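Hi,

Here is the structure I promised to pass on. Have a look at it, and then read my notes below.

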Amino acid sequence: MKRLTTLSLALLVATIALAEGPRTAYCGITHSGTYAYLDNGQRQKRRNWIVDSNGETIHFYSIVGILNYMSERGWVLDEHFTSYASVESTLTEENKINSKTIWLFRKEITKDEEILSGITTRQMWLDSNAE
């Protein structure tokens, strides 16, 4: 009887663990010039710039444009932070500070396919248009 109870409990836990349900997904956006680079936690072959349906890079002239774009696709700004790195210049032998601001967004999803729904990155466009 103990074995049956233990087995039933183990199956119940496994079923709950494998069931898809509401959960929070995250992604990061780095803004460089007028381009927005998307980081969804997956290994990328190249920069994951956000593009339109023709594969052309979408230009965002301020972070407000990115906030509106992501909001229209169900993403909510979670937080942002700036990282700093000291870079030594070989020409002037001076140290320079490079900074990068990362905007973290979150979205409630029930299936993995919903994570990037409505967003196309350069890599996604290249993969879908490969001959």
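**What I found**

The protein chain exposes about 9600 Å², with carbon and sulfur atoms supplying 52% of that area. Keep in mind that this is a predicted model. Of the chain's 131 residues, 23% count as buried.

On the fold: the protein chain has three helices and six strands, and along the sequence they run α-β-β-β-α-β-β-β-α. Among contacts in the protein chain with a separation of 6 or more, 61% are between residues 24 or more positions apart.

Now the hairpin. Strand β1 (residues 23-32) pairs with strand β2 (residues 35-39) in the antiparallel sense, over five bridges. Two residues sit between these strands, and glycine 33 has a positive phi near 65°. Further along, glycine 28 is opposite aspartate 39 of β2.

Then the core. The largest nonpolar core holds 16 residues, and those touching the most other members are Ile29, Leu38, Ile50, Ile66, Met70, Trp75 and Phe105. At least two residues of this core come from each of β1, β2, α2 (63-72) and β5 (95-109). If you want one residue to click on, try leucine 38: leaving out residues up to four places away in sequence, leucine 38 touches Cys27, Gly28, Ile29, Asn48, Ile50, Met70, Leu116, Ile119 and Thr121.

One last residue: asparagine 40, in the loop between β2 and β3 (50-51). Asparagine 40 has a relative accessible area of 19%, so it counts as buried, the cut-off being under 20%. Not counting neighbours within four places in sequence, asparagine 40 contacts Cys27, Asn48 and Leu116.

Cheers

Notes: Residues are numbered from 1 along each chain as its sequence is written. This is a predicted model: local features need pLDDT of at least 70, side-chain atom pairs count only at pLDDT 80 or more; totals for chains, interfaces and linings use all residues. Side-chain values use heavy atoms; hydrogens and water are left out. Two strands pair if DSSP finds at least two bridges between them. Helices (H or I, at least four residues) and strands (E, at least two) are DSSP runs, numbered from the N terminus. A nonpolar core is a set of buried Ala, Val, Leu, Ile, Met, Phe, Trp, Tyr and Cys residues joined through side-chain atoms within 4.5 Å. Buried means under 20% relative accessible area, exposed over 50%, partly exposed in between (1.4 Å probe, protein chains only). Contact means heavy atoms within 4.5 Å. Accessible areas come from the Shrake-Rupley method with a 1.4 Å probe; for residues, only the protein chains shown count as cover.
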